[in-house]
Amino acid sequence: MKKILLALTLLAVIPNAQAKDKEEIQKVLVKNDADKYVFEGVVNVDGAAADMMYKRAKEWVIANLKTGDNNIQFDDEKKSIVNSATIVIKQERSGMASFSSTLVNFKLNLQFKDGRYKFVIDNVVAGYSVYNRDIVTPYSDKMVPSWNKYNSYLIEKINNAMADVAAELDGAIKGKAASNDNW
């Protein structure tokens, strides 16, 4: 009888543990009122002038998010930056399917005022190939509807990448960016 109770208890606990693992994906891209996925925030930087934050962000964007077509719009008067950038998520296999490296395109919008800045990451689009078919799809919970494992993988990787972009940008704006001259 005790073995049966133990088995039933384990059966009840295992799905909860598996569901908890799935929930641990850090999702920074969330649906807004317009039904679009966005990662946005206002960050306070005590005592920082808008000019200095804008200058640091401009340097970071040029160094890290430069595209072949130089698709960066800097507005020195309004202290704003708009950029379309692309990141790459490495190739992955899921069962018999092999996915190419996924290109993730997104728009970064930055605005600065004394003591704070606002960032918005939106228009996230993923492009990948499977079975020699190119697929381009907006970010959503069902980007890869036929392969749940790869879909979860992409959601996790894209959200982590967007969080990393925001964190690196924040470090640069606050003057805490990592130095590359440690040779």
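Leaving aside its neighbours within four places in sequence, which residues is Asn159 in contact with? Keep that one in mind while we get our bearings. What you're looking at is a predicted model, a chain of 183 residues, of which 36% are buried. There are three helices and nine strands, and along the sequence they run α-β-β-α-β-β-β-β-β-β-β-α. If you look at contacts with a separation of 6 or more, 55% of them come from residues 24 or more positions apart. On the outside, the chain exposes about 12,100 Å², with carbon and sulfur atoms supplying 51% of that.

Now back to Asn159. You'll find it in helix 3, residues 148-173, and its contacts are Gln26, Lys27, Val28, Leu29 and Tyr139, once neighbours within four places are set aside. Take Val28: it is 131 residues away from Asn159 in sequence, yet the two C-alpha atoms are 5.7 Å apart. The Asn159 side chain reaches the backbone nitrogen of Leu29 at 2.9 Å, and it also reaches the backbone oxygen of Ile155 at 2.8 Å. Is Asn159 buried or exposed? With a relative accessible area of 0%, Asn159 counts as buried.

From there, step along to strand 1, residues 30-31, which pairs with strand 2, residues 37-44, in the antiparallel sense over two bridges. Val30 has Val38 of strand 2 as its bridge partner. The hairpin these strands make has five residues between them, and Asp35 there takes a positive phi near 65°. Strand 2 also pairs with strand 8, residues 116-130, again in the antiparallel sense, this time over six bridges. One bridge to look for joins Phe39 to Ile121 in strand 8.

Arg116 lies in strand 8 too. Not counting residues up to four places away, Arg116 touches Val42, Val43, Asn44, Val45 and Met53. Its C-alpha is 7.5 Å from that of Ala48, a residue 68 positions away along the chain. Unlike buried Asn159, Arg116 is partly exposed, because its relative accessible area is 36%.

Next, the rings. The structure holds six aromatic pairs. One of them is Tyr37 with Tyr139, an edge-to-face pair with 5.0 Å from centre to centre and 80° between the planes. Why does this pair tie together parts that are 102 residues apart in sequence? Because Tyr37 lies in strand 2, while Tyr139 lies in the loop between strand 9 (133-138) and helix 3. Both Tyr37 and Tyr139 are buried, and Tyr139 is one of the Asn159 contacts we met earlier.

Phe39 and Phe119 make another pair: their ring centres are 5.0 Å apart and their planes sit at 80°, so this one is edge-to-face. The pair links distant parts of the chain, with Phe39 in strand 2 and Phe119 in strand 8, 80 residues apart. Phe39 is buried at a relative accessible area of 13%, and Phe119 is buried at 9%.

Ring pairs also link Tyr54, Phe112 and Tyr117 into a cluster. Tyr54 has a charge for company as well: the charged end of Lys79 sits over the Tyr54 ring, 5.8 Å from its centre. Elsewhere, the charged end of Lys58 sits over the ring of Phe74, 5.1 Å from the centre of that ring.

Notes: Residues numbered from 1 in each chain as written. Predicted model: local features only at pLDDT ≥ 70, side-chain atom pairs only at ≥ 80, totals over all residues. Heavy atoms only, no water. Helix = DSSP H or I, 4+ residues; strand = E, 2+ residues; numbered from the N terminus. Buried < 20%, exposed > 50% of the residue type's maximum accessible area, 1.4 Å probe, protein only. Contact = heavy atoms within 4.5 Å. Polar contact = N/O pair within 3.5 Å; in protein donor to acceptor, adjacent residues only side chain to side chain. Areas by Shrake-Rupley, 256 points an atom, 1.4 Å probe, with all protein chains shown as cover. Pairing = 2+ DSSP bridges. Phe/Tyr/Trp six-rings, centres within 6.5 Å; stacked < 30°, edge-to-face > 60°. Lys NZ or Arg CZ within 6 Å of the ring centre and 35° of its normal.
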